[in-house]
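Colleague: Let's go through this model together. I will ask, you reason from the coordinates.

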Amino acid sequence: MSYLENVNSPKDIKKLNIDELEALCGEIRELMIDTVSKNGGHLASNLGTVELTVALHKVFNSPTDQIIFDVGHQCYTHKILTGRKDSFNTLRREGGISGFTRPCESEHDIFSSGHSSTSISSAIGLAKAKSLRNEKGKVIAVIGDGALTGGLAYEALNNSGNESNNLIVILNDNNMSISQNVGTIAKNLTTIRTSPKYNTFKNKVTRGLAKIPKVGQQLIRTITAFNQKLRKKVYKNTFFEDLGFRYYGPIDGHDLDSLIDALKVAKAHNHSVLLHVYTTKGKGYDYAERNPSKFHGIGEFNINTGEPIPSGDTFSSVFGQSLFHLAENDVRICAITAAMTSGTGLTRFADEFPKRFFDVGIAEQHAVTFSAGLARNGMIPVFAVYSTFLQRSYDQLIHDVAMQGLKVIFCIDRAGFVGSDGESHQGLFDTAYLMSVPELTVFAPTYFEELSSMLYQAVYKEKKAVAIRYPRGGEAEKPEGYSYEKDSYNVFGDENAKTCLVTYGREFDSCYKAMLETEDVYVIKLNKIKPIDSSVISHLENAERILFFEEGIKTGGVGEIFAAMLEENGIKAEYEHIAVPDEFIKQASVSAQLKKYGLDKDSVIDRIKNNG
C-alpha cells in the first residue's frame, strides 16, 4: 500500500498524477474488501465510487467545498481519504467509525445520513446558506440513480436549478440508465465540453465578444441559445436542463482523466451543474460485480469465494416463505417492497408471482398509498419494509390506509435493535407511532411459527390495517412445549408470585430466562400489542411489582399504554418501565445494545433482585 500509507488528508492526493491516483484506487479497493469481509457493510456501492470520490477530493477542497453523499452508504473512500484510514478497521464496530457519514466523526462529513434521497435537499440549504453568508466553496451532492427514485429528490430538483450558483449535483448512474437516449454523439459532445482546451477557448471568445460595443452581449446570448438548442437535439432528454441545470454527461465514472476534467468544469461554473456519471457497482471485485445486490449490504463473507458466513433461517426468510405459500392459493395477495426485495425475503415471491410483485423503488410513501389503492379494489397488499424506512410513510399510513379502513398488511422487518448500522437504522420508533394510529392492529412475534401464524391471521381474520413487527436475524430458543395458539397474550409461571415481568417480541427471551433463574416471578408475553387485550389485567391482581421490558423507545411506547391501563383499572402495584431512553442508539452488536439498555437476561435478573 505504497500510496495509501502516505494519504492522511485530501491534500495528500492533490500532488499525485493520474497513474499514481489509479494505483491509489486499487489500494483503496483492497482495504475496503478486506475490512467489509470481516465487519460487514455496503460493499458494491462503495467499490463503484472509488474513482469518483478520489476525483472529487483531487479537484475540490473539502471541507470548504462541502460533499454530501446521498444515503451515505458509498462514503467509505471518502472516509479513508479524510483521516480515517488507520481507524477503518473499526468500521461499524462499537466505538468505531460509522458506515454512514457522521459530522461528529469528521469536519469532512457535512451531513448525517442513512436514509435515501435527502442529499439534494440538504445541499440546496447548505448552498443557500453559503451564499447568504458570503462564504466560499461549492456544495456537491452525490446521488445514485436508485436514490433518484425517491420523491424527495424530485422535490429538491424542482427547487434548485435556477436558485444556486454554487450547487453541483453528481448523478451516479450505476443501473437505471436514466438517459437511455444518450449515444455516441452525446458522449463525444460531453468530451468536448469538459475538455480544458475547449473551456479555455470558450472563455476567451466570451470575453472577446463582451468587449464589442453594443452588439457584444447580444452575440453571446445568440450563441448561448444556439448551444442550448444543439444540446436538446443531441441529448434528447433535457429534463435536467429544463430544471435550470447545466447538464454534462454521461461520463465514465472509472476514467479519472475524464472525471477530473468534468469536475473542473463544474467547479468553474457560476451556475447549477448536474454531472451524469456512470459507474459499475462492485467494480474491482468480481463476485460483487456479478451480483451487486448480494453485496449491497452484506455481513461477513469469504473473500476467496464471495460467499457469506452462513447464519441459518431469519425472520425475513421465514416471512418470505410464509407469504409465498399463502399466495400460492390466493391470487388476491400482492407483495410490495421499496427497493428491498432480497432484504425483506421476497426474492422467491418476485420470481414466481411477477404480476403480483411490486418493487416501487426507494419510495415508501408511494408504496403505502399504492397499497391502499390495491386494497380498495379487492386485493390483499402486503408491504414488507424495514422499521427505519416505514418512518417515512407515517402520513400515508394514517391518511390513506387507516382513516379509510383499508386492509393493508405492514410486515415490519428489523424492528428493535439492529446493531452495526447505527443511529439511522435502529427499529426502535415504530411501536411509539403505531400505537397512536386508530383501528390499526399490531402483532409482535417472538418465534418463526408465531410470525407465520400472525401473517395468516392478518390475511384472513383481520378486517382492517395490520402491522406485524419482527427483529433482525434468527429466533431464540423456545420454552419447552410452547406453541402459539393465536392468543393475544400468554402467561408463564405462577401467577401468585409477587413480581410480574411484562414484555413482547424478542425481549421475551431475556425475561423468560430471567424468570427461570429467579424466585417469585412470572411473565406475561404480549403477542398482540395493539390493542392490548383488557383481560390481561385479571392476571395482575395479586402482583406487588410489575416490570415492563420493551425493546423500543420509551416515550409513547407500549409500556406507557400498559401503565395507563393499570391506572384505569385500579392496579396499585409498583410499576417500572424499562425501555430505550430519549436518545439515538449508536452502532454496536445487538447483544451489547441489549445489555447497555438493561434488556439482556442478566440485566433483567439484576432489576428483579435489586428492586430497581
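**Surface, core and local geometry**

Modeller: A word first: this is a predicted model. The chain exposes about 26,100 Å², and carbon and sulfur atoms supply 49% of that area.

Colleague: How many helices and strands does the chain have, and what share of its residues is buried?

Modeller: The chain has 23 helices and 17 strands. Buried here means under 20% relative accessible area. Of the 612 residues, the buried share is 56%.

Colleague: What part of the contacts with a separation of 6 or more joins residues 24 or more positions apart?

Modeller: Count the contacts in the chain with a separation of 6 or more. Those between residues 24 or more positions apart make up 75%.

Colleague: Is the aromatic pair of Y447 and F508 stacked or edge-to-face?

Modeller: The chain has 26 aromatic pairs. In this one, the ring centres are 6.4 Å apart and the planes meet at 90 degrees. Planes over 60 degrees apart count as edge-to-face. So the pair of Y447 and F508 is edge-to-face.

Colleague: Which parts does that pair tie together, and how many residues apart are they in sequence?

Modeller: Y447 lies in the loop between strand 10 (441-443) and helix 19 (448-460). F508 belongs to helix 20 (residues 507-516). The pair therefore ties together parts whose separation in sequence is 61 residues.

Colleague: Are Y447 and F508 buried or exposed?

Modeller: Y447 has 0% relative accessibility. F508 also comes out at 0%. The cut-off is under 20%, so Y447 is buried and F508 is buried.

Colleague: Which residues form an aromatic cluster with Y447 and F508, and which charged end sits over the ring of F508?

Modeller: The cluster also takes in Y482, F492 and Y512. Over the ring of F508, 5.7 Å from its centre, sits the charged end of K525.

Colleague: How do helix 1 and helix 11 pack, roughly parallel or roughly perpendicular?

Modeller: Helix 1 (residues 18-39) and helix 11 (residues 256-268) have axes 10 Å apart, at an angle of about 110 degrees. In helix 1, I18, L21, E22 and C25 meet L256, D257 and I260 of helix 11. The range 65 to 115 degrees sets the class, so helix 1 and helix 11 are roughly perpendicular.

Colleague: Which elements do the buried residues of helix 4 pack against?

Modeller: Helix 4 (residues 76-84) is mostly covered, with eight of its nine residues buried. Among them are Y76, H78 and R84. They pack against helix 1, helix 2 (44-48), helix 3 (50-59) and strand 1 (66-69).

Colleague: What is the C-alpha separation of E364 and R392?

Modeller: E364 is found in helix 15 (residues 364-376). E364 is buried, at 4% relative accessible area. Its contacts include F383, F389 and R392. E364 and R392 are 28 residues apart along the chain, and their C-alpha atoms are separated by 6.4 Å.

Colleague: Where is the cis bond to P63, and what is its omega?

Modeller: Most peptide bonds are trans. P63 sits in the loop between helix 3 and strand 1. The bond from S62 to P63 is cis, with omega near 5 degrees.

Colleague: What are the phi values of R414 and E439?

Modeller: R414 is in the loop between strand 9 (409-413) and helix 18 (430-434), and counts as buried at 15% relative accessibility. E439 lies in the loop between helix 18 and strand 10 and is partly exposed at 48%. Neither R414 nor E439 is a glycine. Phi is positive in R414, about 55 degrees, and in E439, about 60 degrees.

Terms used:
Residues are numbered from 1 along each chain as its sequence is written. This is a predicted model: local features need pLDDT of at least 70, side-chain atom pairs count only at pLDDT 80 or more; totals for chains, interfaces and linings use all residues. Side-chain values use heavy atoms; hydrogens and water are left out. Helices (H or I, at least four residues) and strands (E, at least two) are DSSP runs, numbered from the N terminus. Buried means under 20% relative accessible area, exposed over 50%, partly exposed in between (1.4 Å probe, protein chains only). Contact means heavy atoms within 4.5 Å. Accessible areas come from the Shrake-Rupley method with a 1.4 Å probe; for residues, only the protein chains shown count as cover. Rings of Phe, Tyr and Trp (its six-membered ring) pair if their centres lie within 6.5 Å; planes under 30 degrees apart count as stacked, over 60 as edge-to-face and the rest as tilted. A charge sits over a ring if NZ of Lys or CZ of Arg is within 6 Å of the ring centre and within 35 degrees of the ring normal. Axes are lines fitted to C-alpha atoms, for helices over the stretch in contact, and angles run from 0 to 180 degrees between N-to-C directions. Angles under 35 degrees count as roughly parallel, over 145 as roughly antiparallel, 65 to 115 as roughly perpendicular and the rest as oblique. Lists of a residue's contacts leave out its neighbours within four places in sequence.
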